[in-house]
Amino acid sequence: MTTSSSFCKSVNVRLATLHVMRSVVGSRVACARVAARSSSSRPALVSMRVKAMSTSTESAEDEAWIGHALVELEDMEWKETYTQLREYYDREQHSSLPEEAGNELSTWVRAQRHARHEGKLGDLQFKLLNVMDFDWESGAAEWMDNYLKVKSACEGKEVCSVSRKEDPVLGSWLSDQRLAHRHHRLSKLRTRLLEDINVISAK
């Protein structure tokens with residue numbers, strides 16, 4: 001009885017601590033937002049602080065959710081490979097691996113995409129992969145490779161553009177992306193990535 005009571009007290013203390021931490025973070029973000037509305041001397045700086053604090057809070061919540069979701073999954077092999085992809089994503093900032101023969105992680109990524117298209121991928125697994133901006137479209141690796149080349153070529157430019165004369169392959173690829181955007185054929189992920197490097201304008 002004593003052991004049970006002690007365990008309950010311990011759980012309650014942990015829950016109370018988490019509640020206080022969340023309240024403190026929420027209060028800080030709220031105060032920063034109020035300051036952003038009322039401040040006239042440093043609005044840009046205050047806005048950046050609000051964004052940074054909000055992003056930090058969201059990242060912590062994402063990490064907590066990922067940990068909880070992985071505990072729920074029973075497929076140990078899937079979880080281990082997912083962790084490897086997570087490490088790749090943290091390092092490269094994308095999860096579209098080059099399609100290389102003999103690369104087990106690349107093969108696994110293609111298998112997840114195929115399973116999703118076949119309706120065989122679990123909802124929880126789908127959500128976990130989306131945390132890493134997983135590209136579910138075919139040709140994802142080739143698309144990301146071209147995107148990174150364009151991003152490098154446009155570094156420092158206000159408007160990102162590569163002509164066919166400069167580079168026939170990338171120039172044609174950029175034209176195809178803009179055309180797909182005009183006809184609403186680009187996924188939200190690809191649209192956001194192209195907006196980030198000013199290939200297309202955000203509405």
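## A look around the rings, helices and loops

Trp-78, Tyr-82 and Trp-108 are joined by ring pairs into a cluster. Keep in mind that this is a predicted model.

Let's stay with the rings for a moment. Across the whole structure, a search turns up six aromatic pairs. A pair of aromatic rings is described by the distance of the centres and the angle of the planes. One of the pairs is Trp-78 with Tyr-82, which is stacked: the centres are 5.3 Å apart, with 15 degrees between the planes. Where do Trp-78 and Tyr-82 sit along the chain? Both belong to helix α3 (residues 76–92), and being four residues apart, they are separated by about one helical turn. An α-helix has 3.6 residues a turn, so residues three or four places apart point the same way. Trp-78 counts as buried, because its relative accessibility is 5%. Tyr-82 is buried too, with a relative accessible area of 1%.

Next, have a look at helix α5 (residues 123–130), where Gln-125, Phe-126, Leu-128 and Leu-129 are buried. Why do the buried residues of α5 line one face of the helix? Looking down the axis of α5, you find them within an arc of 165 degrees, so one face is what they line.

Further along come helix α6 (residues 140–153) and helix α7 (residues 168–182), which pack with their axes 11 Å apart and at an angle of about 110 degrees. Angles of 65 to 115 degrees count as roughly perpendicular, and therefore α6 and α7 are roughly perpendicular to each other. On the α6 side, the contact is made by Trp-143, Asn-146, Tyr-147, Lys-149 and Val-150. Helix α7 brings in Leu-170, Trp-173, Leu-174 and Gln-177. Sort the residues of this contact of α6 with α7 by kind, and you get six nonpolar, two polar and one charged.

Finally, a couple of loop residues deserve a glance. Gln-93 has a positive phi, in a residue other than glycine, and Asp-133 also has a positive phi although it is not a glycine. Here they are side by side:

| Residue | Phi | Place | Relative accessible area |
|---|---|---|---|
| Gln-93 | near 70 degrees | loop between α3 and α4 (104–117) | 57% |
| Asp-133 | about 55 degrees | loop between α5 and α6 | 29% |

Is Gln-93 buried or exposed? With its relative accessible area of 57%, Gln-93 is exposed. Asp-133, at 29%, is partly exposed.

Terms used
Residues are numbered from 1 along each chain as its sequence is written. This is a predicted model: local features need pLDDT of at least 70, side-chain atom pairs count only at pLDDT 80 or more; totals for chains, interfaces and linings use all residues. Side-chain values use heavy atoms; hydrogens and water are left out. Buried means under 20% relative accessible area, exposed over 50%, partly exposed in between (1.4 Å probe, protein chains only). Helices (H or I, at least four residues) and strands (E, at least two) are DSSP runs, numbered from the N terminus. The arc is that of the directions from the helix axis to the C-beta atoms. Axes are lines fitted to C-alpha atoms, for helices over the stretch in contact, and angles run from 0 to 180 degrees between N-to-C directions. Angles under 35 degrees count as roughly parallel, over 145 as roughly antiparallel, 65 to 115 as roughly perpendicular and the rest as oblique. Contact means heavy atoms within 4.5 Å. Ala, Val, Leu, Ile, Met, Phe, Trp, Tyr, Cys and Pro count as nonpolar, Asp, Glu, Lys and Arg as charged, and the others, Gly among them, as polar. Rings of Phe, Tyr and Trp (its six-membered ring) pair if their centres lie within 6.5 Å; planes under 30 degrees apart count as stacked, over 60 as edge-to-face and the rest as tilted.
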